[in-house]
Amino acid sequence: MGNARNLAFWVVLFVLVISLFNLFGNGAGTQQSNEKSYSEFVQAVDAGAVAEARLDGEQLFYRGSDNRTYVTIVPADAEVTNMLVDKGVPLTAEAQEQSGLATFLVGLLPFLLLIGVWIYFMNRMQGGGKGGAMGFGKSRAKLLTEKQGRVTFDDVAGIDEAKEELEEIVEFLRNPQKFSRLGGKIPKGALLVGPPGTGKTLLARAIAGEAGVPFFTISGSDFVEMFVGVGASRVRDMFEQAKKNAPCILFIDEIDAVGRARGAGYGGGNDEREQTLNQLLVEMDGFEANEGIIIVAATNRRDVLDPALLRPGRFDRQVTVPNPDIKGREKILGVHARKVPLGPDVDLRIIARGTPGFSGADLANLVNEAALMAARVGRRFVAMLDFEQAKDKVMMGAERRSMVMTDAQKEMTAYHEAGHAVVGITLPKCDPVYKATIIPRGGALGMVMSLPEMDRLNMFRDECHQRLAMTMAGKAAEVLKYGEDAVSNGPSGDIQQASQLSRAMIMRWGMSDKVGNIDYAEAHEGYSGNTAGFSVSTQTKELIEEEVKAFIEQGYEEAKRILTEKKDEWERLAQGLLEYETLTGAEIKKVMAGEPLGRDDDGDADVPPASGNSVTAIPKTKPRKPKAPDMEPEAT
Ligand code: ADP
Ligand code: MG
Ligand code: ZN
């Protein structure tokens, strides 16, 4: 398309140049020919020396007997026509208007050329993209139709919660009256948030396949243009298109490209991006919730999004699309294995168990690699061996992209997180633990989540101490299980949190009897900020540091004590996490008590224990790599 336009452009330019030459060619030729006075011309006519003549306005061109062309100006009252006809000289006359038009065109040509060149360069700067020269400000939203290979919800597996939320949205579009009848507002937008490769784009395409309404898709980067105003008008155009086609879905993939927080740009803000974002916000406010347009956007960088985008009335729904747990991985493998012939020994459950931290995309890749492996050795089906080899291959590649854990890492993470959870549950003032997981996400290898039962207005001293113990429990667990020397840098995130809390307790909240009720944080800020600082003596500084250390140490010892005392519960929980990877608060308590979980899809009977199956028995060649500093597990 871009090429065709380019070609057309060059053809037009070529034609223009040629006609320019023709015009000037004519004119130039006559200019150079000899100019004669009118009387000389009359004499020549009389002498029969004029072979032919052409009248062009008041100019008269004629060919003399010497075959050269002459020009003369005809006086207004001269009866040149009659004279020439009398003498039998062939005469042609040019229409006056045409001459005018020609001059007009000639005058216009330089401008046309300039415009042409300008358009050409605009086109080039845009990368000659689909929009083309005339496509400024046209949205690039594509209408996704079933021709592109229909994707349905069946093709998306392992992210059931996200799927359910979106199924509800599809229901809104199919039957808006049903929901708005009772005065409920249909959500305007849903934001899919999750790490790369978890199936966000896939999910959006599945909505398109299921909803039975037009589905426009555009990528955030399509709005980002070099020219101020282009992105904004694209947004406007996109919403106009959507309104014409309502009910419909508008999918903005990778919305962080346009939705980054304003004013956070490099070099003092990026006008174009801000304008585009503003326009997007305006348009999102500008249509009614019941108009039948639903905006779905996807991002893996929620943290960089402008807060305005997340305000109610815009993306009302936020759907988290996490990396799949063991069950989810098995289902995703199932979806992709549908397309390849499997050998009788293949057990997807075992493969799922051996691939912690794999994203959906990694798993799709795994099945594909396994099929290639099988094809290479000329097998007619994909065997377990192929999957095992493919796994190693994908893990090597995936290590850079997503967080894929070795079995050793997985086990250590399980004991670490189980440590947090057991201490958190044991200590009465800690917030209730509602979830523990060893699925890596957001830079953490695993986490234990706890939520206060009520909004927390203030923190009490005993609470703070217990929280310190819970935070330090990860390290305590690693030390108890593997010994002082084998501790990884995994707990560094915990240590950071513990230090922050402990400092706040001592320097701001006056919770240390030795240091007393003085806000030393202000003294610290005083050095750089505008608050009047006061100086702190070296002695006091030492005292503060000592107390910070003592508080953390106290928590650490408390955690160790609890874990030693509750060794069996802790052990059971760690094994439970290895088995299920994610446990809810209620499940955690059951596992700790040694009760069966009673998940319907348990199936423990046919699965060998984690350490004994064929996948995990493969010797690991990779040593435990030190993790990047931003990859520590989190405490709470
Ligand atoms: P994202 O947009 O979240 O980065 P994609 O939707 O582009 O991820 O996923 C890439 C590919 O990985 C998909 O085309 C699909 O083949 C596979 N995939 C990812 N997640 C899933 C899933 N939950 N179920 C099935 N396949 C998946
Ligand atoms: Mg995507
Ligand atoms: Zn931790």
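The following paragraphs describe the surroundings of ligand 1 and of Thr-582 in a predicted model.

Around ligand 1 there are 16 residues, of which Ala-157, Gly-197, Lys-200, Thr-201 and His-336 come nearest. By class, this shell comprises 8 nonpolar, 6 polar and 2 charged residues. Helix H7 (200-211), helix H12 (326-337) and helix H14 (360-376) each contribute at least two residues to the shell around ligand 1, and at least three residues of the shell are drawn from each of domain 2 (142-320) and domain 3 (340-349 + 356-396).

Polar atoms of the protein approach ligand 1 from both backbone and side chain. A polar backbone atom of Ala-157 is placed 2.7 Å from a nitrogen atom of ligand 1, whereas a polar side-chain atom of Thr-201 lies 2.6 Å from an oxygen atom of the ligand; in addition, a backbone N or O atom of Ala-361 is found 3.5 Å from an oxygen atom of ligand 1. Of the 560 Å² that ligand 1 exposes when taken alone, the protein buries 79%.

A second site considered here is Thr-582, which is located in strand S14 (residues 582-584). Because its relative accessible area is 13%, which falls under the 20% cut-off, Thr-582 is classed as buried. The side chain of Thr-582 is joined to that of Thr-437 by a polar contact of 3.1 Å. When neighbours within four places in sequence are left aside, the residues in contact with Thr-582 are Asp-325, Lys-435, Ala-436, Thr-437, Ile-439, Glu-587 and Arg-599, so that Thr-437 appears both in this list and as the partner in the side-chain polar contact.

Conventions. Residues numbered from 1 in each chain as written. Chains lettered and ligands numbered in written order. Predicted model: local features only at pLDDT ≥ 70, side-chain atom pairs only at ≥ 80, totals over all residues. Heavy atoms only, no water. Near = heavy atom within 4 Å. Polar contact = N/O pair within 3.5 Å; in protein donor to acceptor, adjacent residues only side chain to side chain. Areas by Shrake-Rupley, 256 points an atom, 1.4 Å probe, with all protein chains shown as cover. Helix = DSSP H or I, 4+ residues; strand = E, 2+ residues; numbered from the N terminus. Nonpolar A, V, L, I, M, F, W, Y, C, P; charged D, E, K, R; others polar. Domains from an automatic or database assignment. Buried < 20%, exposed > 50% of the residue type's maximum accessible area, 1.4 Å probe, protein only. Contact = heavy atoms within 4.5 Å.
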